[in-house]
Amino acid sequence: MNTIIKLCNKENLNHTINVNCWIKKKRKLGSMIFMDVYDTSGILQVVVEESNKNFDLINSIPKESVISITGKLVERKDKNYNIPTGEYELIADVIEIYSKSELPPFLIQVETDALEEKRLQYRYLDLRRENVHNNIKFRSKFIHEIRIFLHSKEFCEIETPILSKQTPEGARDYLVPTRNKNFYALPQSPQIFKQLLMVSGFQRYFQIARCFRDEDLRADRQPEFTQLDMEFSFIDEEYIFNFIEEMWNQVFKKVLNYDIPKKFARMSYKDAIERFGSDKPDTRYDIEILDVKEIFKSSSFDLFKNAMNDETFIKAIVLPNKLIDKKNYKNIEKYAKDNGAKGLIWINVENNKITEGSAIKIISEIEAIEILKKESCSTGTILISIDSYNQVHKILGSVRTSLINEMNLEPKNRFSFLWVIDWPLYEYSEADNRYVSAHHPFTSPSLKCIESFDKDKLNAKARAYDLVLNGYEIGGGSIRIYDRELQKRVFASLGLSEEEINKKFGFMINAFKYGVPPHGGIAFGIERILMILLETETIRDVIAFPKNSSGYDLMQDAPSNIDETLLKELGLKKDDEKN
């Protein structure tokens, strides 16, 4: 493909070339028209002289029209060294107009005047904007480098079904009705299929897989998304950690020319919660949650005296050598309350003297100094929460994030990878009033609790691991269950009867009769990683045709109503038509 960037070189200087392009902008200066034209590779200045028979036509044609220009490539007098082609310009000879454009609904440039809703409605135009266009090209290169690495390691790329059986995996499924009045489900992940591929003897599998989850949306979620899905036979956690670290080192070097640490830090789930209030902590910032209960054991104030029991915790976050103001505090407090806090204690200390805050009358300077000593400082902001174990960490985890954003704190490095390990096997669901899988029901219990996991669910640990990057979970996986009876025990521990196990997972349990290798794997969210690498605000910026924040496709006007005839064929009725 003869793109602008390929054609603009010294070999073609003073030679005739042909460029197929869009018109970006034009300006008429006396007897000449200067045009900036572009294609997928770059931009080029074109000069149309008054003697050209197409001069009047070009003068009138709208921006964003598609044209073909044949002419001589010459050296540009007023060179623009800010772009790769800025040393050249094209003197137009023959001009062919392929397609005239109407006036676009917004400015097609990096800094546009359009709201996101308008840009998503005309996404095909938004994709012409250089920054968005380059995001998609970067995505292609990123996935290409992943494939190169995995193929070099003898992985087999295998596609698994999109239409499959509905199985409980955490989020709600998207269901697909059929004419026989039954339903397929769109896969939340290829989890069962990739385990069956291990049974099939494919010892190293990967897939760039499309996944679907009907869950509440946010900046790093979409209803449909792309996973790098991987599974290995005859491995353990250590093998996977080493392999993944090697993979991301190579890919980051190829796509960013950036060296990340050869080895990634590791932290237990318990430490992550107690130190950062999150199972996906952003460790680029040194701010940690501190246990300060002992400091207040002699306090005469009821707020602290009533917290001196085993069920209540007093914990704090210190911002060393910086002070927040009342406006900062109000914003941070709102964030804390949105995450379940009844209140948030705040004091500023300057040179070991309390200067302002919401708790000046109940916290002494001696107590404040003792808290600051934990961070080796005499000036700083102290934020304190008093609550149950789960709540105090959830609240201060949200406060930590809010504080980082509110104070625009500088990260200590660009990329911070962290393996979070030693996960609980179960988590308690208040909604269901029972224990559910913390990851999924195919995760192997830790070897230390293999005999007791279904009797002591509170303390049961899993052979699970997440990879966190800059405060985002970018991947998660586990060593899988490969013993048929152990898998049935785990299903039973989740409340599934023998009949339910056979109905939902019978094909998998049956496959496990025929020789299953020890295996494990991991899956990575492609868009989430790209969002971090490209420093975009949402994953919508790295998807060619995304849904909006409500899961709606503004370009196609979808989801939309279905023809009544088709609904009848599927045996379906709308809610408002039911008795």
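Begin by selecting Arg-489, which at 27% relative accessibility counts as partly exposed, and which belongs to helix α13, the run of residues 484–493. What you have on screen is a predicted model, and that should be kept in mind at each stop of the tour. With Arg-489 still selected, add Val-292, a residue 197 positions away along the chain, and the viewer should give a separation of 42 Å between the two C-alpha atoms.

Now zoom out to take in the whole chain. Its C-alpha atoms fill a box of roughly 90 × 70 × 60 Å along the principal axes, and colouring by secondary structure should bring up 16 helices and 22 strands. Of the 579 residues in the chain, 47% are buried.

For a residue of the buried kind, select Ser-402, which sits in helix α12 (residues 389–406) and counts as buried because its relative accessibility is 7%, under the 20% limit. Add Lys-334 to the selection: although the two positions lie 68 residues apart in numbering terms, the C-alpha atoms of Ser-402 and Lys-334 are 9.6 Å apart.

**Salt bridges**

Side chains of opposite charge can pair when their charged atoms come close. In this model there are 41 salt bridges, and three pairs and one network are visited here.

Select Asp-36 and Lys-25 to begin with, whose closest N and O atoms are 3.9 Å apart in a salt bridge. Asp-36 is in strand β2 (residues 32–38) and Lys-25 in strand β1, so this pair ties together parts of the chain that are 11 residues apart in sequence. The two partners can also be compared by their surroundings, for Asp-36 counts as buried at 12% relative accessibility, while Lys-25, with a relative accessible area of 43%, is partly exposed.

Move next to Arg-123 and Asp-126, where the salt bridge brings the closest N and O atoms to 2.7 Å. Both residues belong to helix α4 (residues 123–126), and because they are three residues apart in that helix, about one helical turn separates them. Arg-123 is buried, with a relative accessible area of 3%, and Asp-126 counts as buried as well, at 0% relative accessibility.

The third pair is Arg-528 with Asp-220, whose side chains meet in a salt bridge at 3.4 Å, N to O. This one links distant parts of the chain, since Arg-528 is in helix α15 (residues 526–533) and Asp-220 is in the loop between β9 (204–212) and β10 (224–233), 308 residues apart. Both Arg-528 and Asp-220 are buried.

To finish with the charged side chains, select Arg-139, Arg-210, Glu-224, Glu-527 and Lys-547 together, which are linked in a network of salt bridges.

**Empty space inside**

Rolling a probe the size of a water molecule over the atoms shows where empty space is left. Return to Arg-123 and extend the selection to Leu-120, Phe-545, Pro-546, Asp-553 and Met-555, and you will have the lining of the largest cavity. Its volume is about 40 Å³, and the structure holds one cavity of 30 Å³ or more. Four of the lining residues are nonpolar, two are charged and none is polar.

**The second largest pocket**

Now select Lys-24, Tyr-38, Ile-43, Ile-108 and Glu-130, the residues closest to the centre of the second largest pocket among the 26 that line it. About 640 Å³ of space lies in this pocket. Which element gives the most to the lining? Helix α5 does, with three residues, and both β1 (16–29) and α5 (130–152) supply at least two residues each. By residue class the lining divides into 11 nonpolar, seven polar and eight charged.

**A last stop on the surface**

Finally, show the surface and select Ile-162, Leu-163 and Tyr-184, which make a nonpolar patch of about 260 Å². Leu-163 is found in the loop between β6 (156–157) and β7 (175–177), and with a relative accessible area of 44% this leucine is partly exposed.

Note on methods:
Residues are numbered from 1 along each chain as its sequence is written. This is a predicted model: local features need pLDDT of at least 70, side-chain atom pairs count only at pLDDT 80 or more; totals for chains, interfaces and linings use all residues. Side-chain values use heavy atoms; hydrogens and water are left out. On a 1 Å grid over the protein atoms alone, a cavity is a set of points where a 1.4 Å probe fits but cannot get out, and a pocket is an open set with protein on both sides within 12 Å along at least five of seven lines; lining residues have an atom within 4 Å of a point. Grid points are joined across faces, edges and corners, and a volume is the space filled by probe spheres set on the points. Helices (H or I, at least four residues) and strands (E, at least two) are DSSP runs, numbered from the N terminus. Ala, Val, Leu, Ile, Met, Phe, Trp, Tyr, Cys and Pro count as nonpolar, Asp, Glu, Lys and Arg as charged, and the others, Gly among them, as polar. Patches are made of residues with over 30% relative accessible area and no salt bridge: like charges are joined within 9 Å, nonpolar side chains (Val, Leu, Ile, Met, Phe, Trp, Tyr) within 5 Å. Accessible areas come from the Shrake-Rupley method with a 1.4 Å probe; for residues, only the protein chains shown count as cover. A salt bridge is a side-chain nitrogen of Lys or Arg within 4 Å of a carboxyl oxygen of Asp or Glu. Buried means under 20% relative accessible area, exposed over 50%, partly exposed in between (1.4 Å probe, protein chains only).
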